[in-house]
Amino acid sequence: MLTLLLLFGAAEAAPKLTLSGGMRTTVSAFSEGRLDRVGLGVGGQSRIQIGDRVGTEWFLDYISTDLEGGAHRVDDHIGWSVMFYPLPTDGFTKPVLPYVLAGHCFDYTVISIPGAGHIHPGETSPAEATRASRLSSAVQFGVGTHFNLTERFDISPTAQYMIHLGNDLHYDPKGHGHAEQSRAGALEGHLLFNVSVNYRFKMPGVRS
Amino acid sequence: MTEFLPILTTMATLSLGWSNNAAEQNLYVHGSSDLYVSERVSLRGDAYWFAGEQHQQRRIIDNHSVLAGAAFHFGKGRFDPFVAMQPGVSFTRSEFRVDGERTPSNWKVTPVASATMGARYFVSPNFHFFTELRQMAGTHLSDDPRTIGLAETRVSFGLGAQLGRTGR
């Protein structure tokens with residue numbers, strides 16, 4: 001899909017390279033397939049526009065999620081996406097500019113159970129915190145829209161689904177609860193809603 | 001009428017925060033800077049230092065924030081209303097009881113989101129008055145299983161300084 005987006009974009013491309021940077025807020029939903037596991041994250045991205053219809057986005061995210069009041073999950077993402085614009089961008093002068101995106105990222109996920117300091121019924125000492133982690137890669141795809149408030153400044157909401165291609169990592173709330181990482185593969189994912197603010201920089205020698 | 005076109009604005013003040021999750025009021029030392037990259041857009045950074053709260057049974061003992069993003073400005077001339085969106089992180093610690101003793105949690109880096117609306121009035125080439133209202137969102141994941149919501153409404157106002165130029 002990435003190749004198709006790049007080829008389709010390159011066919012439409014005009015040699016017009018631009019660079020933008022911005023910050024974003026991310027809401028992560030459906031972690032481990034559960035509706036009640038919603039996290040909040042902070043991140044940033046830079047975009048390199050390589051043609052009239054195609055751009056790339058390079059991003060970092062740091063997301064923390066409360067798992068039913070019993071465990072905490074932290075996701076770190078670093079990755080990139082190809083953005084394809086179905087409509088001509090016209091130098092980003094249009095107030096609304098939709099796009100589709102698909103890409104790849106590396107991620108590091110930690111699930112920890114905060115037990116330190118809590119004396120569970122029937123025990124005499126505080127529980128130990130337990131922890132499980134996973135380093136894996138992921139693919140993501142989604143849709144978004146630029147709201148171009150000026151030629152150089154936009155607000156962009158995006159919805160994308162990210163599928164982690166790695167070992168199974170999950171939190172089991174039964175009993176005192178435990179976090180577990182197993183060798184079994186799993187296609188676990190989450191839905192990411194981003195809202196970003198972006199500023200397009202002037203590139204020396206390039207018409208904006 | 002002379003109008004002031006700022007390039008860089010900065011301010012420091014005390015900020016009040018009202019928690020959306022509990023009857024708590026918090027006090028912050030608040031600093032902010034805007035770099036105007038055009039008449040309508042500024043790149044903005046804020047820092048909040050948690051100075052204390054007005055509550056006996058405190059839950060959060062530290063909540064210092066660093067925020068970065070951009071602001072969009074609607075005004076013309078001396079009056080400069082704006083909205084801003086700034087994600088960021090808060091450095092947070094809570095307090096919980098172990099054997100009846102109050103124990104601070106470890107420091108946590110907590111992602112936070114914020115949206116701001118406010119206005120400035122440029123009274124001279126180098127000074128302005130400002131007021132702004134900020135909504136924060138985030139969740140402190142402590143060493144304790146309880147999570148603590150950081151949703152809060154913050155108000156700041158005062159006198160700021162700017163570098164810029166004048167126009168007509």
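**View 1. Aromatic pairs in chain A.** At 30% relative accessibility, A:Tyr161 counts as partly exposed. Please keep in mind that everything shown here belongs to a predicted model. A:Phe141 is partly exposed as well, with a relative accessible area of 40%. Over all chains, the count of aromatic pairs comes to nine. One of them joins A:Tyr85 and A:Tyr99: their ring centres are 5.8 Å apart and their planes stand at 65°, so this pair is edge-to-face. A:Tyr85 belongs to the loop between strand E4 (71–84) and strand E5 (96–113) of chain A, while A:Tyr99 belongs to strand E5 itself, so the pair ties together parts that are 14 residues apart in sequence. Both A:Tyr85 and A:Tyr99 are buried. A:Phe141 and A:Tyr161 make a tilted pair, with 6.5 Å from centre to centre and 55° between the planes. This second pair links distant parts of the chain, since A:Phe141 sits in strand E6 (residues 130–148) of chain A and A:Tyr161 in strand E7 (residues 153–172) of chain A, 20 residues apart.

**View 2. A:Phe92 and its ring partners.** Which residues are linked into a cluster with A:Phe92 by ring pairs? The partners are A:Tyr85 and A:Tyr99. A:Phe92 lies in the loop between E4 and E5 of chain A. With a relative accessibility of 6%, A:Phe92 counts as buried, because buried means under 20%. A charged side chain joins the scene too: A:Arg200 lies over the face of A:Phe92, at 3.8 Å from the ring centre. The backbone deserves a look as well, as A:Phe92 has a positive phi of about 60° although it is not a glycine.

**View 3. A:Asp90, a positive phi in the loop between E4 and E5 of chain A**. Most residues other than glycine have a negative phi. The phi of A:Asp90, however, is near 50°. Is A:Asp90 buried or partly exposed? A:Asp90 counts as partly exposed, at 45% relative accessibility. A:Phe92, also placed in the loop between E4 and E5 of chain A, has a positive phi of about 60°.

**View 4. Chain B as a whole, a chain of strands.** Chain B has eleven strands and zero helices. Read from the N terminus, its elements run β-β-β-β-β-β-β-β-β-β-β. The C-alpha trace of chain B spans about 70 × 25 × 20 Å along its principal axes. Of the 168 residues in chain B, 50% are buried. Chain B has an accessible surface of about 7,700 Å², and 62% of this area belongs to carbon and sulfur atoms. How are the contacts spread along the sequence? Among those in chain B between residues at least 6 apart, 60% join residues at least 24 apart.

**View 5. A nonpolar patch on the surface of chain B**. The patch is formed by B:Leu14, B:Leu16, B:Trp18, B:Leu27, B:Val29 and B:Trp49, which together have about 570 Å² of accessible area. Strand E1 (3–19) and strand E2 (25–36) of chain B are the elements that give two or more residues to this patch. Which element gives the largest share? That is E1(B), with three residues. B:Val29 comes from strand E2 of chain B. With a relative accessible area of 40%, B:Val29 is partly exposed.

**View 6. The surroundings of B:Leu8 in strand E1 of chain B**. B:Leu8 has a relative accessible area of 36%, so this residue is partly exposed. Setting aside neighbours within four places in sequence, B:Leu8 is in contact with B:Ser33, B:Asp34 and B:Leu35, and also with B:Ala161, B:Gln162 and B:Leu163. B:Val37 is 29 residues from B:Leu8 in sequence, with 9.3 Å between the two C-alpha atoms.

**View 7. B:Gly75 in a loop, and a charge over a ring in chain B**. B:Gly75 is found between strand E4 (60–73) and strand E5 (79–85) of chain B, in the loop. Not counting residues up to four places away in sequence, B:Gly75 touches B:Arg40, B:Asp80 and B:Pro81. The C-alpha atom of B:Gly75 is 8.8 Å from that of B:Ala119, a residue 44 places away along the chain. To round off the tour, B:Arg120 lies over the face of B:Phe82, at 5.0 Å from the ring centre.

Methods: Residues are numbered from 1 along each chain as its sequence is written. Chains are lettered from A and ligands numbered from 1 in the order in which they are written. This is a predicted model: local features need pLDDT of at least 70, side-chain atom pairs count only at pLDDT 80 or more; totals for chains, interfaces and linings use all residues. Side-chain values use heavy atoms; hydrogens and water are left out. Patches are made of residues with over 30% relative accessible area and no salt bridge: like charges are joined within 9 Å, nonpolar side chains (Val, Leu, Ile, Met, Phe, Trp, Tyr) within 5 Å. Accessible areas come from the Shrake-Rupley method with a 1.4 Å probe; for residues, only the protein chains shown count as cover. A salt bridge is a side-chain nitrogen of Lys or Arg within 4 Å of a carboxyl oxygen of Asp or Glu. Helices (H or I, at least four residues) and strands (E, at least two) are DSSP runs, numbered from the N terminus. Buried means under 20% relative accessible area, exposed over 50%, partly exposed in between (1.4 Å probe, protein chains only). Contact means heavy atoms within 4.5 Å. Rings of Phe, Tyr and Trp (its six-membered ring) pair if their centres lie within 6.5 Å; planes under 30 degrees apart count as stacked, over 60 as edge-to-face and the rest as tilted. A charge sits over a ring if NZ of Lys or CZ of Arg is within 6 Å of the ring centre and within 35 degrees of the ring normal.
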